[in-house]
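Q: Please take a close look at one part of this model: the parallel sheet and what packs around it. How is that part put together, and what sits beside it?

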Amino acid sequence: MRHFISITDLTREQAISVLATAEHMAGTQSRSIRKLPTLVGQTVVNLFFEDSTRTRISFEAAAKRLSADVINFAAKGSSVSKGESLKDTALTLQAMGADAVVVRSGSAGAAHLLAHAGWIDQPIINAGDGAHEHPTQAMLDVFTVRRHLRPGEDRAGLDGLHVVIVGDVLHSRVARSNVALLTLLGARVTLVAPPALVPVGAAAWPCEILYDLDEALAAGPDAVMMLRVQRERMTGGGFFPTVGEYARRYGLTADRAGRLPAHTLVLHPGPMNRGLEIAGDVADSERSVIVEQVASGVFVRMAVLYHLLATDAREDTR
Ligand code: NCD
């Protein structure tokens with residue numbers, strides 16, 4: 001692995017290998033000294049053109065736990081807002097001695113461009129590019145599901161599991177990366193959304209698409225992943241009639257959650273709109289692993305940085 005841009009670049013073996021490393025990283029994080037010397041002397045740059053709290057902090061924590069130095073480059077207030085191009089930004093980062101760049105952008109393909117345009121030689125990690133992909137989010141979601149439903153099986157995939165992903169699929173890079181990773185690992189995926197929030201072309205994805213949430217939940221899935229309604233991307237409006245109508249038809253209410261099998265997990269990538277796509281009581285319930293997802297994020301990002309930057313890992317995973 002040279003970069004971490006898209007789940008579609010990974011083989012099943014590589015995905016499982018990163019998950020196994022994340023499991024190992026998790027083990028190190030319950031020790032009294034949590035810092036590992038793995039990336040001493042290396043610098044990780046977080047280049048964020050879009051707002052983010054948990055993803056940026058998670059990458060920062062992951063890099064620091066591996067003893068890397070971290071530079072946070074928020075594009076708002078930088079020369080990028082004065083019109084500096086992605087190319088000039090890349091050349092600046094290279095000149096500053098970045099050993100890896102974590103990039104989040106509102107434009108699909110930004111991470112790919114940075115990795116392959118030839119401006120910069122360092123590994124690039126995609127922390128979300130427009131509505132395209134968010135591969136480390138999918139890795140942390142799968143890591144969390146696997147810990148609960150395939151515990152202790154280090155090399156296991158998700159064969160035989162059924163995952164339902166619900167909501168604003170159209171604007172969701174989380175959904176795209178998850179469909180790719182869950183199916184790569186053998187899970188069956190059902191997407192549920194109002195018709196206006198299903199992307200053109202989704203019929204060709206390796207999953208089933210339903211418009212009725214109760215029908216999807218009646219199948220007794222092993223995990224239900226709720227997506228945030230991304231109102232900031234809904235310019236033009238008209239995606240659903242009213243907020244109340246959306247919550248009634250597509251929200252995970254306490255009543256709906258109460259009809260799920262006892263083992264079914266509830267996930268959400270955050271930030272949540274409590275009372276819209278998910279009821280507050282459900283988000284705080286026993287079956288919710290939403291807070292655990294945040295912890296998993298640090299382990300998975302430590303694993304990705306390890307695979308891309310640690311000299312011993314580079315030898316065996318390339
Ligand atoms: C997601 C994102 O930014 O794509 N959040 C995250 O990474 N924690 C999902 C979202 O914003 O809805």
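**The sheet and its surroundings**

A: Start with one pair: the bridge partner of Asn-46 in E2 is Asn-72. This is a predicted model, in which local features need pLDDT of at least 70 and side-chain atom pairs count only at pLDDT 80 or more, while totals for chains, interfaces and linings use all residues. Residues are numbered from 1 along each chain as its sequence is written, and side-chain values use heavy atoms, with hydrogens and water left out.

Strand E1 covers residues 43-48, and six bridges join it to E2 in parallel. Strands here are DSSP runs of E, at least two residues long, and helices are runs of H or I, at least four long, both numbered from the N terminus. Two strands pair if DSSP finds at least two bridges between them.

The whole sheet is open, with four parallel strands in the order E2-E1-E3-E4. Its edges are E2 (69-74) and E4 (124-129), each pairing on one side only. Neighbouring strands are turned by 15° against each other on average, direction ignored. Axes are lines fitted to C-alpha atoms, for helices over the stretch in contact, and angles run from 0 to 180 degrees between N-to-C directions.

Now the helix. H2 (residues 54-65) lies across E1, E2, E3 (100-105) and E4, at about 175° to E1. Its 12 residues reach 16 Å from first C-alpha to last, close to the 16 Å expected. That expected span is 1.5 Å times one less than the number of residues. Thr-55, Ser-58, Phe-59, Glu-60, Ala-62 and Ala-63 of H2 are buried, meaning under 20% relative accessible area; exposed is over 50% and partly exposed in between (1.4 Å probe, protein chains only). An α-helix has 3.6 residues a turn, so residues three or four places apart point the same way. The cover over the buried H2 residues includes E1, E2, E3, E4, helix H5 (135-149) and helix H11 (290-309). Just past H2, Ser-67 takes a positive phi of about 70°.

Next, the ligand. Residues around it include Arg-54, Thr-55, Arg-104, His-134 and Gly-270; a residue counts as near if one of its heavy atoms lies within 4 Å. A polar side-chain atom of Thr-55 lies 2.9 Å from a ligand oxygen. For the side chain of Arg-104, an N or O atom is 3.2 Å from a ligand oxygen. Gly-270 uses its backbone: an N or O atom there lies 3.0 Å from a ligand nitrogen.

Two acidic residues deserve a look. Glu-50 lies in the loop between E1 and H2. Glu-50 is buried, at 16% relative accessible area. Its side chain makes a polar contact with that of Arg-233, at 3.1 Å. A polar contact is a pair of N or O atoms within 3.5 Å; within protein, one must be able to donate a hydrogen and the other to accept it, and residues adjacent in sequence count only if both atoms are side-chain atoms. Beyond four places in sequence, the contacts of Glu-50 include Arg-104 and Arg-173 (heavy atoms within 4.5 Å).

Asp-129 sits in E4. Asp-129 is buried, at 2% relative accessible area. Asp-129 and Arg-104 are 25 residues apart in sequence, yet 5.8 Å apart from C-alpha to C-alpha. The side chain of Asp-129 makes a polar contact with the His-132 side chain at 2.8 Å. That Asp-129 side chain also reaches the backbone nitrogen of Glu-133 at 2.9 Å.
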